[in-house]
Amino acid sequence: MSEDKQQVSRRQFLNYTLTGVGGFMAAGMLAPMLRMAIDPVLQSTSSEGEFVNVGLAVEDITTTPQRVDWQIEQVDGWYQSKPGRSAWVYKDDNGNIIALSPVCTHLGCVVSWEGNDSHPNEFFCPCHDGRYTKDGVNIPGTPPLAPLATYEQKVENGILYLGKAISRKGA
Amino acid sequence: MQWIKKDMELYVGSKEYIDTAIIPILPFQMSQEGNLSKSTSKREILSIFATEIENELSGRLLLIPNYYYLEYGDKVEEMERLNKWTKEIQAQPFKHVFVLTFDSGWKRYEKDMSANLLWLPGFQAENPNSDELRQMIRGQVSDVVELIRSYW
């Protein structure tokens, strides 16, 4: 029976071994490249995490702008912080939710709704008397040159989530 | 605006809009261990306070780097130094210079101070990042902002 046993020659043995080792090396090089190529697919689920629950129910939003404050986690180099964010949130006449950034486009102060008695129904910047209409558009003749930024927003289970602030072009 | 490179570039470009400065003054001491936690929590909270005020009025207000003094040291001497700071700032020119403190001991020297003294009642908190404290600070900050605006 022993002569039926297949003999492996030295040459064959070396070939098998080299193929095996070479295969491992190729796999080791290809795997990170493949991972990088399909990276955007794997990322898509986590990018939604940029939206933050600002602790405001949709039914509590009225046509009068109200200020909401929340915090985001921010890692800037080695420095981790929880900077605060704010928004003025209201429903427009069509019932759409509007979330405006309160940062004045002039030099960055925080604007307030009806912050000045002589300018009702407007956003008012206390620093240099900048004014914006209710939809956040700057009023010509006042220092700001661009409208207030709007926040990306979505509603889930009746709770408002806000994302990044998007600046708008000047009026 | 803060004393950082990015803000200072903006400041140089729009100097005519920025006429108010705030100097937070903070006590430092290590000799009385019993009071260490009080001293440090004052420092943390005053820093948060100053940053919040700056955040609200950043377009017209410059937050000066913290000024430290010895808590049990000679206040007359410190005040002379502080007045030099004020002079330097006012020369830029800044119309309004405020000194922010939790230390009521400065009240006695207010008349010799060339800046406006903004004394706030200090409070202690276990955790300066807690939500209650944040709410409390926010409430006080809006009052202080009103006060500063009354000078404009």
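Questions and answers on the contact between two chains, its pockets and some backbone features follow.

Visitor: What kind of model is this, and how are its parts numbered?
Guide: This is a predicted model, in which local features need pLDDT of at least 70, side-chain atom pairs count only at pLDDT 80 or more, and totals for chains, interfaces and linings use all residues. Side-chain values use heavy atoms, with hydrogens and water left out, chains are lettered from A and ligands numbered from 1 in the order in which they are written, and residues are numbered along each chain as its sequence is written, from 1.

Visitor: How many residues does each chain bring to the contact?
Guide: Contact here means heavy atoms within 4.5 Å. Chain A brings 13 residues, and chain B brings 15 residues.

Visitor: What area is buried between chain B and chain A?
Guide: The size of an interface is often given as the accessible area lost when the parts come together. Buried area is taken as the accessible area (1.4 Å probe) that two parts lose on being put together, summed over both. Carbon and sulfur atoms give 49% of the area between chain B and chain A, which is about 1,200 Å².

Visitor: Which residues of chain B lose the most area to chain A?
Guide: Three residues together account for 39% of what the chain B side buries. They are Tyr17(B), Glu56(B) and Arg149(B).

Visitor: Which residue meets Arg67(A) in a salt bridge?
Guide: A salt bridge is a side-chain nitrogen of Lys or Arg within 4 Å of a carboxyl oxygen of Asp or Glu. The rule finds two across the interface of chain B and chain A. For Arg67(A), the N to O distance is 3.1 Å and the partner is Glu56(B).

Visitor: Why does the pair of Asp69(A) and Arg138(B) join two chains?
Guide: Asp69(A) and Arg138(B) form a salt bridge, with their closest N and O atoms 3.6 Å apart. The pair joins two chains because Asp69(A) lies in strand β2 of chain A, and Arg138(B) in helix α4 of chain B.

Visitor: Which element supplies the largest share of the side of chain B that touches chain A?
Guide: Helices (H or I, at least four residues) and strands (E, at least two) are DSSP runs, numbered from the N terminus. In chain B, α2 (36–56) and α4 (131–149) each supply at least two residues of the side that touches chain A. The largest share, four residues, comes from α4(B).

Visitor: Which residues lie closest to the centre of the largest pocket?
Guide: On a 1 Å grid over the protein atoms alone, a pocket is an open set of points with protein on both sides within 12 Å along at least five of seven lines, whereas a cavity is a set where a 1.4 Å probe fits but cannot get out; lining residues have an atom within 4 Å of a point. Grid points are joined across faces, edges and corners, and a volume is the space filled by probe spheres set on the points. The largest pocket holds about 1,500 Å³. Of its 38 lining residues, the closest to the centre are Pro83(A), Gly84(A), Arg85(A), Gln2(B) and Asn55(B).

Visitor: Which element gives the most to the lining of the largest pocket?
Guide: Elements of both chains each supply at least two residues, including β2 (66–71) and β5 (84–91) of chain A and α1 (5–13) of chain B. With six residues, the element that gives the most is α2(B).

Visitor: Which element gives the most to the lining of the second largest pocket?
Guide: This pocket has a volume of about 290 Å³. Among its 12 lining residues, Asp69(A), Trp70(A), Gln71(A), Asp131(B) and Arg134(B) lie nearest the centre. Four residues come from the element that gives the most, α4(B).

Visitor: What is the volume of the second largest cavity?
Guide: The count comes to three cavities of 30 Å³ or more. The lining of the second largest includes Cys104(A), Cys109(A), Cys125(A), Cys127(A) and Gly59(B). Its volume is about 40 Å³.

Visitor: Which residues does the cis peptide bond join?
Guide: Most residues other than glycine have a negative phi, and most peptide bonds are trans. Pro93(B) is in the loop between α3 (75–90) and β4 (96–101) of chain B. With omega about 0°, the cis bond joins Gln92(B) and Pro93(B).
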